[in-house]
Amino acid sequence: MPLVSRPRRLAPWLALALLLVVATTASAHKIMLFAVVEGNAVTGYAYAPGGVRLPNNVITVFGPNDQRLGTTKTDAQGNFTYAPKSRCDLRFELNTGDGHLASYTIQAGELPPTLAGGQTATSATPPAAAPAAAPPTPPTQRHQATAPCPGGVGAHCPPNAPCRAGVNATVGDEQLATMVDRAVSRHVTPLREQLDDYEQKVRLHDVLGGIGYIIGLAGMAAYWLAKREKG
Amino acid sequence: MHIADGVVSLPVLAAGSTLAVAGVAVGLRKIDYRQIPQVGVLTAGFFVASLIHLPVGPAQVHLLMNGLTGIVLGWAAFPALLVALFLQSLLFGYGGITVLGINTLNMALPAVCCHYLFRRPLAGNHRRRATFLIAFAAGAGGVAMSGTLLAATLYFSNREFLGVAAAILAAHLPVMVVEGILTGGAVLFLKRVQPEIFEKNPRRLDP
């Protein structure tokens, strides 16, 4: 009967198809990009799952509508820096040419507002000029974070503190708080979005896992009942 | 439709759990070896159906599919829904472990009722429209009975009955309609591809 033998003939093909699916999904996720806005520049790194950095790779930067904005290169540690000229969505893409592709998008909202639409606010710092291993926070940010000088009173600062009386005079406590709030929310929003995506993915895995449990339980029940019927 | 941990009073919890255990025991005794795949598939269906949410005003309600589960499985709906509810509480945080029994009872008892009410009418040779309407009644009735049981559970745990029951049933009206249509479609499909599901079982399932 062809009907009886068909499943047996199908089995190797099914196994092969499954193997192919597993293989393709495994290799498609082998490299990754991460980027974050630091001051007026975007820094990031390319890596493979497990933490291996990917040095000397060209990263292409795309703007909205896949418009090519420029390129940057990862250094020996796999780090890269890119100074955007305008405030728009930036997609960093790393194509190693052997079938591996990774991309990471920086939303326009994450970039500093000083980069408003097309203005060359960063012309002072040419692309890739800032070394990737540079300290993670630009001087102005560090000043805000580590020297909570009360507004306007320069005498409160220790003599060697990196705060200037002029800055302190203009930034009040409340103003500083709103600035910090704004900066924090700007950096946290993408994380939150990423978390949402992740939650969706976990949910999907939960569904698949639950169905797997049910199939397994049904199999066990069938096994027990079959044994009982035989015995 | 899932009751959360800590809402139900202890006596109600104990009574519900006892009844659920009894139901599961009856169901396990009635499961036939050849019925296992059916039970598995419908368990998986119920497990996933709860993830399909319908927005109703401020609240969100989800599909149950206990009517269809009941028509096809009969008493086996008890163990099937117990497994599905257990996995839902573990993986999605729906319901809870301590209220597993009462949730199982609230959803599986209507399923068994649907079995006795609608199984026999469905077995005959009807026109498609009649079959669909019977199945629709089963799907909608399953949700309605579950909602009533839920309201009763909350009432016996010292809450207002009428208000809660009305709110629950009102919120589940759209679910009843959707479930009725889905159950109708599913039964029409099953009757076409596997009519024996509805023909031969009653003798085996009813002692």
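In the predicted model, helix H8 of chain B, which comprises residues 173-193, contains 21 residues and extends 30 Å from its first C-alpha to its last, a span close to the 30 Å expected at 1.5 Å a residue. Within H8(B), the buried positions are B:Val175, B:Met176, B:Glu179, B:Gly180, B:Thr183, B:Gly184, B:Val187 and B:Lys191, a residue being counted as buried if 20 or more other C-beta atoms lie within 10 Å of its own. These buried residues lie on the same side of H8(B), because the arc that they cover around the axis is only 160°. The face of the helix turned away from this buried side carries, in contrast, the exposed residues B:Phe189, B:Arg192 and B:Val193.

At the level of the whole chain, the secondary structure of chain B amounts to 10 helices and 2 strands, and the order of these elements from the N terminus is α-α-β-β-α-α-α-α-α-α-α-α, so that, with elements numbered from the N terminus, the two strands follow the second helix in the series. Of the 207 residues in chain B, 47% are buried. Among the contacts in chain B with a separation of 6 or more, 78% are accounted for by residues that stand 24 or more positions apart.

Chain B also meets chain A, with 14 residues of chain B in contact with 15 residues of chain A. On the side of chain A that touches chain B, the residues divide by class into 11 nonpolar, 2 polar and 2 charged.

Methods. Residues are numbered from 1 along each chain as its sequence is written. Chains are lettered from A and ligands numbered from 1 in the order in which they are written. This is a predicted model: local features need pLDDT of at least 70, side-chain atom pairs count only at pLDDT 80 or more; totals for chains, interfaces and linings use all residues. Helices (H or I, at least four residues) and strands (E, at least two) are DSSP runs, numbered from the N terminus. The expected span of a helix is 1.5 Å times one less than its number of residues. A residue is buried if 20 or more other C-beta atoms lie within 10 Å of its own, exposed if 12 or fewer, and partly exposed in between; C-beta atoms are placed from the backbone. The arc is that of the directions from the helix axis to the C-beta atoms. Two residues are in contact if their C-beta atoms, placed from the backbone, lie within 7 Å. Ala, Val, Leu, Ile, Met, Phe, Trp, Tyr, Cys and Pro count as nonpolar, Asp, Glu, Lys and Arg as charged, and the others, Gly among them, as polar.
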